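Here are my notes on the model you sent over. Have the structure open while you read, and go through the points in order.

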There are 2 protein chains.
Amino acid sequence: MSTQTQENYLKCIYKLSTQNIEGASTNAIAKELQARAATVTDMLKKLAEKKLINYTKYKSVSLTVKGNKLALEIIRRHRLWEVFLVNTLHFKWDEVHEVAEQLEHINSEKLIENLNNFLGNPKFDPHGDPIPDKHGKMIDTRSIPLSEAKIGDKLQMTGVLEHSNSFLNYLNEINLLPNQKFTIKKINPFDQSMQIEILKGNTQFISSLTASNILVKCL
Amino acid sequence: MSTQTQENYLKCIYKLSTQNIEGASTNAIAKELQARAATVTDMLKKLAEKKLINYTKYKSVSLTVKGNKLALEIIRRHRLWEVFLVNTLHFKWDEVHEVAEQLEHINSEKLIENLNNFLGNPKFDPHGDPIPDKHGKMIDTRSIPLSEAKIGDKLQMTGVLEHSNSFLNYLNEINLLPNQKFTIKKINPFDQSMQIEILKGNTQFISSLTASNILVKCL
DNA sequence: TTAAAATTTTAGACAAATCTAAAAATAAAT
DNA sequence: ATTTATTTTTAGATTTGTCTAAAATTTTAA
């Protein structure tokens with residue numbers, strides 16, 4: 001068995017490993033989890049002892065098969081609970097993260113399987129992130145950041161890269177949510193800001209920073 | 001803020017205080033939580049420091065107003081989650097306890113209020129125990145153990161005193177569940193065992209130990 | 001009412017997760 | 001290719017929750 005803290009480390013290493021090809025460094029983990037590097041080193045030794053990560057002194061770490069499976073299980077729980085909170089309990093999508101961070105550590109296979117059935121076996125969470133199935137498999141979304149799309153592209157929003165409250169809230173306000181379809185009307189060549197048309201005649205101004213944190217797929 | 005462990009101690013002290021008038025003794029708490037008396041003493045000091053219990057060396061402890069409020073909050077969460085597990089996720093009533101023990105520590109007022117609304121503001125959990133409202137108030141059930149009822153009494157089951165899996169499962173098997181109405185046909189004067197009639201012609205034999213763990217109200 | 005039994009507390013230890021400060025190893029730069 | 005900077009690890013402490021063994025207190029009973 002693993003503690004909540006250890007589960008959070010695994011989730012963190014999983015996340016960093018998908019971003020950088022070179023596994024996760026001690027410092028990167030420390031920054032992400034807001035802990036000291038020394039603390040991370042201590043924990044890495046414990047996780048290595050449990051065969052959950054591959055660890056060599058002074059090198060970046062990676063998840064073992066066992067660790068990867070556990071990380072995906074936590075992510076599955078987290079995303080299913082987010083669906084529950086938004087669909088069933090009517091939370092707004094920017095209110096679910098902290099609660100889901102707690103709920104993801106509840107340990108009961110039956111709970112998660114029954115919750116999954118109740119929710120109708122959903123494939124994506126409210127932020128557009130894919131939900132791993134019970135074997136750890138999930139849909140490959142092949143999304144690109146909006147900032148990489150071109151003028152005239154017909155797009156559909158699939159998710160976000162930035163999960164902060166303020167960002168999600170901002171998207172709420174401008175009505176740009178996952179699954180929303182829109183077209184790029186203009187891109188300002190000076191600062192890469194863009195104008196998008198969500199519905200006929202409803203255009204919206206998007207800064208390049210915002211665009212780089214919105215995921216879309218081409219239609 | 002209180003830790004999960006501390007919340008479990010409060011719940012335990014609450015439970016023991018409703019059973020014995022004289023508060024909860026160190027040994028009784030130790031037995032209930034399966035810990036050593038020395039461990040309990042250590043924890044009692046910490047809870048007293050937080051003004052959650054009234055503690056004097058070598059005396060039984062009781063909850064302060066603040067501690068009582070917190071205990072009722074945990075009990076509210078626990079029982080609401082039990083309703084959710086049985087009504088929404090189709091758990092059997094003897095499968096919910098361990099999971100609810102974990103869920104009760106999730107800390108989010110919005111979560112509990114929205115869950116309560118979703119469930120339709122239920123007044124009793126699946127075992128017949130009353131659910132405190134957000135101010136800690138709950139319905140007074142005025143139940144008595146079946147063992148204190150008399151021949152000929154028309155009764156309705158309201159709950160149980162013993163929550164072990166094996167006991168709940170046994171009740172399942174003999175089809176004696178909360179809200180079930182029945183009549184006492186016979187009481188054996190030698191061992192206090194009884195025969196009850198659930199439906200016309202459907203009589204059931206109940207040992208005095210079982211009877212003392214079933215709560216009923218007279219109709 | 002004093003001796004025996006039971007209960008409760010203290011003292012000292014340990015594992016988990018964290019920290020600071022200092023040392024060691026690696027990476028970067030002149 | 002050394003020196004400097006950065007990263008990582010070690011060493012030593014702290015807090016929380018737990019334990020055992022022994023001491024202190026209270027309760028029970030002869």
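1. First, a bit of vocabulary for the DNA surfaces: Ala, Val, Leu, Ile, Met, Phe, Trp, Tyr, Cys and Pro count as nonpolar, Asp, Glu, Lys and Arg as charged, and the others, Gly among them, as polar. On that scheme, the surface near DNA strand C is made up of nine nonpolar, eight polar and five charged residues. "Near" here is for a residue with a heavy atom within 4 Å of the molecule or strand.

2. Some housekeeping before going on. This is a predicted model, where local features need pLDDT of at least 70 and side-chain atom pairs count only at pLDDT 80 or more, while totals for chains, interfaces and linings use all residues. Residues are numbered from 1 along each chain as its sequence is written, chains are lettered from A and ligands numbered from 1 in the order in which they are written, and side-chain values use heavy atoms, with hydrogens and water left out.

3. Which residues come nearest to DNA strand C? Of the 22 around this strand, they are A:Thr3, A:Thr39, B:Asn27, B:Tyr55 and B:Lys57. Sugar or phosphate supplies 74% of the strand C atoms within 4 Å of the protein, and bases supply the rest. As for secondary structure (helices are DSSP runs of H or I, at least four residues; strands are runs of E, at least two; both numbered from the N terminus), at least two residues each come from α1 (4-19) and α3 of chain A and from α2 (26-33) and α3 of chain B. The largest share, five residues, belongs to α3(A).

4. Now for the phosphates of strand C. A polar side-chain atom of A:Thr39 sits 2.3 Å from a phosphate oxygen of DNA strand C. For A:Arg36, a polar side-chain atom is 3.3 Å from a phosphate oxygen of that strand, and an N or O atom in the side chain of A:Gln6 is likewise 3.3 Å from one.

5. On to DNA strand D. It is surrounded by 22 residues, and the closest are A:Asn27, A:Tyr55, A:Lys57, B:Thr3 and B:Thr39. Of the strand D atoms that come within 4 Å of the protein, 76% are sugar and phosphate. The surface near DNA strand D has nine nonpolar, eight polar and five charged residues, and α3(B) gives the most, with five residues.

6. Backbone or side chain at the strand D phosphates? A polar backbone atom of A:Asn27 is 2.7 Å from a phosphate oxygen of DNA strand D, and a polar backbone atom of A:Tyr58 is 2.9 Å from one. For B:Gln6 it is a polar side-chain atom, 3.3 Å from a phosphate oxygen of DNA strand D.

7. Chain A is split into domain 1 (4-63) and domain 2 (144-218), with bounds taken from an automatic or database domain assignment. The C-alpha centres of these two domains of chain A are 33 Å apart.

8. Have a look at A:His105, in the loop between α5 and α6 (109-118) of chain A. At 8% relative accessibility, A:His105 is buried (buried means under 20% relative accessible area, exposed over 50%, partly exposed in between, with a 1.4 Å probe and protein chains only). Neighbours within four places in sequence aside, A:His105 is in contact (heavy atoms within 4.5 Å) with A:Gln4, A:Glu7, A:Asn8, A:Arg77 and B:Gln102.

9. A:Gln102 belongs to helix α5 (residues 97-103) of chain A and is partly exposed at 26% relative accessible area. Leaving out residues up to four places away in sequence, A:Gln102 touches B:His105, B:Ile106 and B:Asn107.

10. Finally, helix α7 (residues 165-173) of chain B. Its buried residues are B:Phe167, B:Leu168 and B:Leu171. Viewed down the axis of α7(B), these residues fall within an arc of 95°, so they line one face of the helix (the arc is that of the directions from the helix axis to the C-beta atoms). The cover over the buried residues of α7(B) includes β4 (154-160), α8 (208-212) and β8 (214-218) of chain B, while the face turned away from the buried side carries the exposed B:Ser166 and B:Glu173.

Key
A polar contact is a pair of N or O atoms within 3.5 Å; within protein, one must be able to donate a hydrogen and the other to accept it, and residues adjacent in sequence count only if both atoms are side-chain atoms.
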